[in-house]
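Got the viewer open? Load the model and follow along, one selection at a time.

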Amino acid sequence: MKKKLVSLLLVGVLAMSAFIACGKTDDSAEAPADAESEDSAAAMYTSDDENTLTVAAWDANFNIPALKAAGEAFKKENPDFNLEIIEQSQSEDIENAVTTAAEAKDYSNLPDIVLFQDHYFQQYVTNYPDAWQDVDDADIDWSDFGEEKLSFSTIDGTHYGLPVDNGTVIFAYRVDLLDECGYTLDDVTGITWDKFIEIGEQVYNKTGKYLLSMDGSGNDLPYMMLQAEGQSQFKDGKAVLADNDTLVQILEVIEEMQQKNVLLLENDWDGYTNDIQKDMVAGVMNGNWIIPTIEQVTENSGKWEITSMPTLSGEEGYASNGGSSLYITANCKKTDLAKEFLAYTFGGGEGSIETYDNALRDGGVITTCISAGQSDVYQEGVAYFNDQAIYAKIVEMGSHVKVVEQSDYHYTVRENISAAITNIHNGTPVADALQQAQEEVDFAMED
Amino acid sequence: MSKQRNGLNIQGKQQRAGWVFLAPAAIMIAIFSFYPIIQAFITSFTTGTGVNQKVADPLIYNYTRMFTDKTFLRSVGNTFLYLAIEVPVMLVLAILLAQLLNNKDLKFRGLFRTMVFLPCATALVSYALIFKSLFAQDGLINTIFVNLGILENNYNFLGNTASARVIIIIALIWRWTGYNMVFYLAGLQNIEYSVYEAAKIDGANGWKTFWKITVPLLMPTIVMTVIMSINGTLQLFDESMNLTQGGPAFSTITMSHYIYNVAFGRGVGKFGYASAMSFFIFILVAILSAISMKVGDTRD
């Protein structure tokens, strides 16, 4: 009998400790307030407090300051309001969270609002329409936004998202290095890619720096170059790669650039940002969200200036790459508050000037909201860019970007074009490499 | 105290106790492993994404589709390449190291054993990232090779198919050799020293002792490590994902990585197709394990 008692006690203790241990882990998962921005893969949640909205976002140098600015602006109007930002380490974390929630048909782990990559959104609405709440009836003047930007968050005429940033492509040049080689910013504005290669070769020979670098694994370059020509990789919902003369020319240019040491393709994104931060390049071309990355090399302050892209024909090229918008998830119970908040801040409401001005100052986030873009802050020169008024320039360039056909399979194509570029560099003829990419993409686009 | 309190005899009681002890684990496995497996199997007969997911027509569409999928076939090829090179090299190294470190006269045995085993204590992602920075274009290896004059210019190890594959294999060997060595060490310690003494008296040399005594007596352990290694390699994911992202041009992608890409990676969300490919791996693991068990079976 005694033995039984002892063993029962022991079992009890074991069970208790197990429960206590469980309880502990639960606690830490449910108390994200402590974790806040330090934890890079913080769990997402909503708050029970009726004045608190939660938003999941990434990029502490860029989007997070913009959201903080919006939270502050709205707080002035509604003192009780509280915006909790759940910082993620990368956009993929949010995409995966939505996929997982939607596949499990349980949205209770999503925050009220998510920041979402523009190129992914259409596909997520097609796949998981239940995961989102539209913002059609929010108090927003949609004509006040850039058309190209809205084309990502508007699906079948329904508005789902509020634009945050502006993906207008900039070509930033180190003017001091260009000067060494006898060129000015004007000499690289509105030029053909052939001319660009000519200049790039000289820059490499004189300074040892590449005029352009890119992430070779998820290559942004062909997409931007195509858009600058006003073209898309898609036509009527189908991928057009193999019989696309413009794309063929672009891939030939890319290969030539690699061979002549004008373009450096890195293995991944880290390698790409490393090139910029280790001062290995004389030029950077990407969505303007790349500016904070450029600015991290403080000793090169005043040596950069921005302009438009080269094109095949030699006209000035305009494109847009990346960028994201804010979306209300199905898990948001305070939809009215969320809409009010978004309309007041990012949506061109009374708080929008304050929001966008601070977002620009703290994070370099440039708006696509036309009225907010006329604020004085946008006209100021930026010391890092040789006192050029780059923000006004970017807003101006953004107005020239052509709307091109988008697809759910944007990243599938991007990945396969990157593979084609690698194959071409390893000796496969351009036509064969593109044919292969076409087949792979067609295959992926089947059901 | 009555012995028949619950109307059960001793055997019945013991059986009941057995079930009670088994139940928690069994229920957990059923809920968290078997149920998802069945669900995945059902999912594998659907096509389309998200709300548009519907039953495939014909039912085995996904299972036939994968054999026309060039990227998938490439990933199968890559995985088998890793398997064919990495597993034998790793296991031979592990058995040799175990043999060395089992030597009773060796000083600092504990230290060496710990050192060989230590890589297993590192997380998969962190060690992949360390290898990535080691072999980066401006990484340590390149710097050393250039300074020693072995290489003229920095070489893009992870950007070229052959070298990227070699690095993945080296990384795998580094990570898993110690792990397997521990099993061999445990196995070696179970072999009676008297058996070796008897062999010595009979005049067997080290080579013969190894092949005639160590290997046969270690056979159960060897079979186990082979199965575990095959299983692990076929499910290889972290290295491909973190070291090379499957590139350049999909030339190092593994099956699991491709499955992840189809389900999550590019936001495509084809869970039906991904599940079907997972079952293909499942079948492969079953076949290869069955073969190694058969080969390693020492009973006549």
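Start by selecting chain A and colouring by secondary structure: this predicted model gives chain A 18 helices and 15 strands. How compact is chain A for its length? Its radius of gyration is 24 Å, and the globule rule gives 22 Å for 447 residues, so chain A is as compact as a globular protein of that length. Turn the chain along its principal axes and the C-alpha trace covers about 95 × 50 × 45 Å.

Now colour chain A by burial. Of its 447 residues, 50% count as buried. If you draw contacts between residues at least 6 apart in sequence, 76% of those in chain A join residues at least 24 apart.

Next, the domains. Select 52-167 plus 322-374 of chain A for domain 1, then 169-319 plus 404-445 for domain 2. The C-alpha centres of these two domains of chain A are 29 Å apart. Where they touch, domain 1 of chain A puts in 15 residues and domain 2 of chain A puts in nine residues. On the domain 1 side, look at α5 and α6 (147-153) of chain A, each of which supplies at least two residues. The largest share of that side, four residues, comes from α5(A). What sort of residues make up the domain 1 side? They divide into three nonpolar, eleven polar and one charged.

Zoom in on one helix now: pick residues 193-207 of chain A, which is α8. At 1.5 Å a residue, its 15 residues should span 21 Å, and the end C-alpha atoms are 20 Å apart, which agrees. Show side chains and find the buried ones in α8(A): A:Trp193, A:Phe196, A:Ile197, A:Ile199, A:Gly200 and A:Val203. What do the buried residues of α8(A) pack against? Add α7 (175-180), β9 (212-215) and α10 (245-259) of chain A to the selection, and you have their partners. Then step just past the helix to A:Gly208, which follows α8(A) and has a positive phi, near 75 degrees.

Last stop: bring chain B into view. The contact between the chains takes 24 residues from chain A and 21 residues from chain B. On the chain A side, select α4 (91-104), α5 (118-127), α17 (410-425) and α18 (430-445), the elements of chain A that give two or more residues to the side touching chain B. Which of them gives the largest share? That is α17(A), with six residues. Colour the chain A side by residue type and you get eight nonpolar, ten polar and six charged.

Note on methods:
Residues are numbered from 1 along each chain as its sequence is written. Chains are lettered from A and ligands numbered from 1 in the order in which they are written. This is a predicted model: local features need pLDDT of at least 70, side-chain atom pairs count only at pLDDT 80 or more; totals for chains, interfaces and linings use all residues. Two residues are in contact if their C-beta atoms, placed from the backbone, lie within 7 Å. Ala, Val, Leu, Ile, Met, Phe, Trp, Tyr, Cys and Pro count as nonpolar, Asp, Glu, Lys and Arg as charged, and the others, Gly among them, as polar. The radius of gyration is taken over C-alpha atoms; the globule rule is 2.2 Å times the number of residues to the power 0.38. A residue is buried if 20 or more other C-beta atoms lie within 10 Å of its own, exposed if 12 or fewer, and partly exposed in between; C-beta atoms are placed from the backbone. The expected span of a helix is 1.5 Å times one less than its number of residues. Domain bounds come from an automatic or database domain assignment.
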